[in-house]
Every structure is written in C-alpha cells, then in structure tokens.
Amino acid sequence: MFDVQSIRKDFPILTQKVNNHDLIYFDNAATTQKPQVVIDAIVDAYTKTNSNIHRGIHTLSQISTTLYEQARQMVQTFINAPHDYEIIFTKGVTESLNLVAQTFGEAFLHEGDEVIVSAMEHHSNLVPWQIVCERKGAILKFIPFNHDGVLDVEAYKNLFSEKTKFVSVVHVSNTLGTVNPIKELIDIAHSHNVPIMIDGAQSVQHFPIDVQALDCDFFAFSGHKIYAPTGTGVLWGKEKWLEKLPPYQGGGDMIKTVTLEKTIYNTLPFKFEAGTTNYVGAHALGVALKYLMNIGLENIQQYEKELMQYATEKLSAIPQVSIIGNAPHKAGAISFEVAGAHCSDIGMILDKQGIAIRTGTHCTEPIMQFYGVPGTARLSFAMYNTKEEIDYFAKVLSTIALMFE
Ligand code: PLP
C-alpha cells in the first residue's frame with residue numbers, strides 16, 4: 001500500500017514553512033528532497049566509519065570500502081544490470097554523459113562520422129556531443145519532435161547512414177515530461193549495429209528500469225534527482241563497451257601498475273573511477289535506492305501518474321494557462337505558460353505563497369527555440385507530493401493569472 005502521508009514523514013524538509021506558508025515543493029526535476037535514512041547514512045558515515053576506500057588495510061577503510069561496494073550492488077539490483085563491475089560511480093549524470101562522449105569519441109569517432117541525439121536533449125546530452133563532434137570533425141544529427149513534444153520515430157529511422165556511430169537520447173524530457181519510446185529507439189539503433197546511450201536523469205525516480213530488458217548500451221542517472229545526495233551519479237555500460245573505451249581521467253585507483261614510462265589500467269569499474277570518489281555519497285545513494293525499492297517503483301509510478309493527471313486537469317481548467325508538451329505518455333514534469341505573464345513573475349509570486357516551481361529554459365534552450373518562448377514555468381513531482389498541494393497551487397495560480405489579464 002502506498003501511503004503518501006507516511007512517506008512525507010520521512011522527509012524532514014517538507015515540514016518547513018517558506019515565506020510563512022507550508023512548503024509546497026514542485027521543483028523535483030531540478031533536485032529531490034532527501035529522506036531521513038539518507039541524511040542519517042551521511043551523518044553516520046562521517047561520524048563512525050569515514051576512511052578512504054580501497055587503499056587501507058585498517059578496519060575503517062575496510063568498512064568504508066564495503067559500504068561503497070554494497071552501494072554498487074544496490075545500483076546493480078535497482079537497474080537490473082548483469083554485473084556490478086559495469087556500474088561506474090560518477091558525480092552525476094552530466095559526468096556520466098561526458099565520460100561516454102569523450103571516451104567513445106576519442107576511440108571511435110572520425111572525420112565525417114555521425115552521432116544522433118534528439119532535439120529535446122538537456123544541454124548535458126547535447127553540448128558534450130557538440131564538443132566531441134567539433135573536435136573530431138563528426139556530424140551531429142537530431143531526431144525532431146512535433147508540437148505535442150513527441151519524437152518523430154520515422155524521421156529517426158531516416159537519420160541512420162553507414163556513417164552513424166552512436167545514438168544518445170533522453171528517456172524522459174525534463175522540460176516537456178515526454179516519456180520517449182526508448183525500447184523502440186534502442187532496437188532501431190541496434191538494427192544498424194549502432195550503440196545507444198539513455199539519459200535516465202528523469203526516469204529512474206519515476207518508474208522501474210531494467211537495462212537488460214531495454215538492452216541499451218549505456219544508461220546514466222544522477223543521485224540527487226532520486227532522493228540521494230548531490231555529487232553522486234551512475235553510469236552503467238555493457239561490459240563489452242566499457243572494456244573498449246579508453247580511461248576518462250588518470251589518477252589514483254584507475255591504475256594497476258605505474259612506471260614512469262607506462263601505466264597498466266585497472267579493471268572495471270575502477271578504470272573509470274580515478275581519484276577519491278564521493279564514497280560517502282555513493283553509500284547514501286545505495287541507501288536511497290533501498291528505501292525506494294521498499295516502497296516499490298511500481299507503486300510510485302502509479303501514484304505519480306495520478307498526480308500528473310490531476311495536475312494536468314487542474315491546469316487545463318485555468319483559461320489563461322497553456323501547457324507546453326502534450327505527449328500521450330508523460331512523467332514527472334509539466335511545463336506551462338500563463339497568458340500575458342513572464343514565467344519568472346509566475347515563479348516569484350508562487351514563491352511568496354511557499355510554492356517552489358522552476359522557471360526558465362530548464363537547460364533545454366533548443367526546446368524553447370522550437371516553441372518560440374523565452375522560458376516556461378515547470379511543475380515537477382516526486383512521490384511525496386499530494387493532490388491537496390496541487391489544489392492549493394491551482395487556486396493560487398488562478399488568482400495570479402487574473403492579475404496578468
Ligand atoms: N539530463 C536531464 C534529462 C536532466 O533533467 C538533467 C538535470 O536536470 C541532467 C541531464 C543533468 O543533471 P545533473 O545536473 O544532475 O548532472
């Protein structure tokens with residue numbers, strides 16, 4: 001049974017007042033709040049077990065290492081990865097995406113080669129590919145989307161050529177909320193023998209992920225968007241690809257042996273984890289994932305689906321509001337505009353009522369260019385949000401909308 005009131009009790013920040021109002025936190029696509037178990041895991045680690053991992057024979061170092069490696073196994077279970085050594089801890093999805101763009105680009109991209117991304121990528125799955133394509137003289141191609149915010153799969157099929165070397169696509173758009181048909185996109189890429197990476201920054205927290213069922217080649221997400229600390233992230237990759245990629249950064253831990261002339265690199269996953277990682281954060285990420293598995297991702301998905309439907313109905317009932325992105329399959333986020341108002345004004349006025357939403361381009365400027373808007377207001381949900389919060393938000397927004405008529 002999914003009990004939102006009991007879940008809310010796990011998140012101490014939600015009991016705060018902001019600007020003398022009960023906090024309503026609708027900015028979860030930017031970052032989620034942290035449950036007490038995650039906060040406790042961090043405090044406990046620094047209070048009792050802190051010691052650098054992998055290098056020490058002393059007790060604390062061994063405990064710290066065990067916690068870190070257990071977290072890796074938790075991630076493995078969470079996304080159903082075949083092997084724990086395919087899980088690379090990073091500082092976030094941005095680093096995961098850059099890691100693949102840089103190393104794949106270095107090893108496999110040549111002048112005239114082609115990479116496909118969608119036109120709805122977050123900047124962090126666009127700019128790294130722009131950088132590497134420019135450096136290598138490769139060409140970046142874009143899967144278009146229609147006015148509803150739905151990717152054009154037929155156009156995607158036509159983007160492939162003999163020169164296509166890689167595809168990287170966002171699973172759920174942080175701006176439009178669109179859930180892309182990634183299984184179909186993955187199968188199409190593979191029918192051309194092209195590897196594909198999925199940016200799961202906005203999907204892992206909303207529904208179950210099974211990388212083996214998806215059969216993607218890489219999957220990336222950030223810890224802080226899934227109830228875990230900032231500065232944590234994951235890159236999962238198929239062993240066959242991770243083995244082929246060169247190291248991303250050099251330093252401690254990613255080496256097996258070093259002489260002044262030559263280094264033999266460490267095995268997976270350490271080859272991609274140079275230097276002291278955020279091992280306390282990774283442990284807390286493992287704790288967050290365990291917490292979510294206890295609640296059940298299917299339960300979260302079902303509950304959040306109701307929230308999305310409810311909020312869409314409420315917003316649609318306000319005449320001055322138009323929703324941007326009306327894909328049939330959405331999760332997590334709803335972007336909207338209020339007639340006559342700049343989105344920042346909407347955000348500022350809502351904030352005075354204790355309601356936190358995000359306004360602006362959401363690191364997706366090409367989407368704003370497509371719709372011809374300077375920015376949008378965005379509601380984004382987590383499992384601790386309620387219909388009562390949406391009711392209050394809709395009431396306040398209706399009043400604000402009248403002010404701009
Ligand atoms: N990709 C998507 C779809 C996102 O929504 C975000 C953040 O909003 C990112 C990538 C980048 O995430 P981070 O800043 O945690 O690296």
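This section describes the overall form of a predicted model and then selected residues and salt bridges within it.

The chain contains 14 helices and 17 strands. Its radius of gyration is 22 Å, which agrees with the value near 22 Å that a compact globule of 405 residues would have. The C-alpha trace extends over about 70 × 55 × 35 Å along its principal axes. Of the 405 residues, 55% are buried. Among contacts between residues at least 6 apart in sequence, 72% join residues at least 24 apart. The area exposed by the chain amounts to about 16900 Å², of which carbon and sulfur atoms supply 53%. The chain carries 31 positive and 43 negative charges, and the mean positions of the two sets are 3 Å apart.

Two residues illustrate contrasting surroundings. Ile57 is placed in the loop between helix 2 (36–49) and helix 3 (59–79). Because its relative accessibility is 79%, above the 50% limit, Ile57 counts as exposed. A distance of 30 Å separates the C-alpha atoms of Ile57 and Pro246, which are 189 residues apart along the chain. Asn98, by contrast, belongs to helix 4 (residues 93–108) and is buried, with a relative accessible area of 17%. Beyond its neighbours within four places in sequence, Asn98 contacts Pro128 and Tyr248.

Side chains of opposite charge can pair when their charged atoms come close. The structure holds 14 salt bridges. One of them joins Lys157 to Glu154, with the closest N and O atoms 3.0 Å apart. Both residues lie in helix 6 (residues 153–159), separated by three residues, or about one turn of the helix. Lys157 is partly exposed, at a relative accessible area of 34%.

A further salt bridge, with an N to O distance of 2.8 Å, is formed by the side chains of Lys238 and Asp215. This pair links distant parts of the chain, 23 residues apart: Lys238 is in the loop between strand 10 (233–237) and helix 9 (239–244), and Asp215 is in the loop between helix 8 (211–214) and strand 9 (218–222). Lys238 is buried, with a relative accessible area of 17%, whereas Asp215 is partly exposed at 28%.

The side chains of Lys314 and Asp391 also meet in a salt bridge, at 3.5 Å from N to O. Lys314 lies in helix 11 (residues 297–316) and Asp391 in helix 14 (residues 387–403), so this pair ties together parts 77 residues apart in sequence. Lys314 is partly exposed, with 32% relative accessibility, and Asp391 is likewise partly exposed, with 30%. In addition, salt bridges with shared partners connect Asp27, Arg358 and Arg378 in one network.

Technical notes. Residues numbered from 1 in each chain as written. Predicted model: local features only at pLDDT ≥ 70, side-chain atom pairs only at ≥ 80, totals over all residues. Heavy atoms only, no water. Helix = DSSP H or I, 4+ residues; strand = E, 2+ residues; numbered from the N terminus. Rg over C-alpha atoms; globule rule 2.2 N^0.38 Å. Buried < 20%, exposed > 50% of the residue type's maximum accessible area, 1.4 Å probe, protein only. Contact = heavy atoms within 4.5 Å. Areas by Shrake-Rupley, 256 points an atom, 1.4 Å probe, with all protein chains shown as cover. Lys, Arg positive; Asp, Glu negative; His and termini not counted. Charge placed at Lys NZ, Arg CZ, Asp CG, Glu CD. Salt bridge = Lys/Arg side-chain N within 4 Å of Asp/Glu carboxyl O.
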